[in-house]
Amino acid sequence: MANKPVLRFPLNGIHRGKTIFVVGAGPQLAGLRKDTLKQLNSMITIGVNKTFFMVKLKYFLSAYIGEILLATQQTDKTTILHMREKYEPPLVQNVIPLKRMMFEPGMELTSELDALCPTLMTRLNVALGATHLAYVMGARRIVFVGVEQRDRLHFWNFDEAARQKIVAALKKRGDPQILKIDHSYATLERDLTALSMSPNECMGPFFQIDHTPTFRTYFHLLLRGGVEVIATTTESVVADAGARVLPLEQILAAIGNEDIITEPDRLSDNPGI
């Protein structure tokens with residue numbers, strides 16, 4: 001009798017040894033030059049939280065079906081991944097389903113996902129899940145762009161054209177009942193209210209809990225696994241957690257020849273650590 005083929009999660013090691021960019025929706029995105037955005041469009045990117053309105057993403061990850069629906073409407077070449085509390089068949093065609101698990105101190109980050117129940121580690125922060133996903137994909141270097149999380153400001157607070165585009169897309173998506181499937185509070189009205197907040201109204205804390213310690217733990221685990229972590233702005237939770245800070249333009253210019261001058265065997269001597 002022939003042996004059954006071993007099932008393997010298709011994204012395991014798919015970008016082995018490459019630089020992967022985790023793209024968040026922070027104000028940094030609104031300040032990027034057009035030529036920098038154009039370069040970023042050609043990189044291996046994992047975006048979260050409506051970043052497909054700014055960057056042509058390779059991958060998009062979310063825990064919210066409303067975001068998944070938006071991504072399917074707004075992208076055509078992006079691989080979309082939906083992480084939920086339970087691993088179930090996809091709610092939307094051509095979307096890769098994942099399970100999400102709460103990361104706790106003492107846990108490890110697996111370098112591969114089980115094909116029968118692919119599970120990402122996160123902790124109430126999709127950028128943590130995206131970081132684990134980059135590790136699973138085989139990243140040699142993970143670079144964070146727009147993952148600031150100092151407050152509730154986003155790129156659309158500084159880019160009115162982008163904000164209007166998102167509002168129009170949300171209205172087109174509508175308010176289907178499926179929005180509430182994992183988050184009972186999710187509605188179109190709530191989404192539109194968030195988009196209408198002024199910069200002053202967004203100056204409160206990003207979350208009620210500080211995510212710096214969890215990012216720091218992730219970074220130590222990644223460095224132990226031979227993965228560099230780089231922030232592209234000092235004003236960010238990832239810089240606070242110890243990621244070395246380098247200008248995004250320098251990193252983009254180095255892709256291909258790997259001439260990024262870093263010290264991958266340790267975290268940054270950030271005084272906030």
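Select Tyr59 and Thr79: Thr79, in β4, is the bridge partner of Tyr59. Strands here are DSSP runs of E with at least two residues, and helices are runs of H or I with at least four, both numbered from the N terminus. The model is predicted, so local features need pLDDT of at least 70 and side-chain atom pairs count only at pLDDT 80 or more, while totals for chains, interfaces and linings use all residues. Residues are numbered from 1 along each chain as its sequence is written, and side-chain values use heavy atoms, leaving out hydrogens and water.

Now widen the selection to residues 59–62 and 79–84. These are strands β3 and β4, which run parallel and are joined by four bridges.

Next, colour the whole sheet. The sheet is open and has nine strands in the order β6-β5-β4-β3-β2-β1-β7-β8-β9, with parallel pairing; two strands pair if DSSP finds at least two bridges between them. At the edges are β6 (119–122) and β9 (244–245), each pairing on one side only.

Select residues 126–136 for helix α3. Helix α3 lies across β1, β2, β3, β4, β6 and β7, at about 130° to β6. Axes are lines fitted to C-alpha atoms, for helices over the stretch in contact (heavy atoms within 4.5 Å), and angles run from 0 to 180 degrees between N-to-C directions.

Then pick two cysteines. Cys202 is buried (under 20% relative accessible area, 1.4 Å probe, protein chains only), because its relative accessibility is 2%. Cys117, at 27%, is partly exposed (between buried and exposed, the latter being over 50%).

Finally, show the full chain: eight helices and nine strands.
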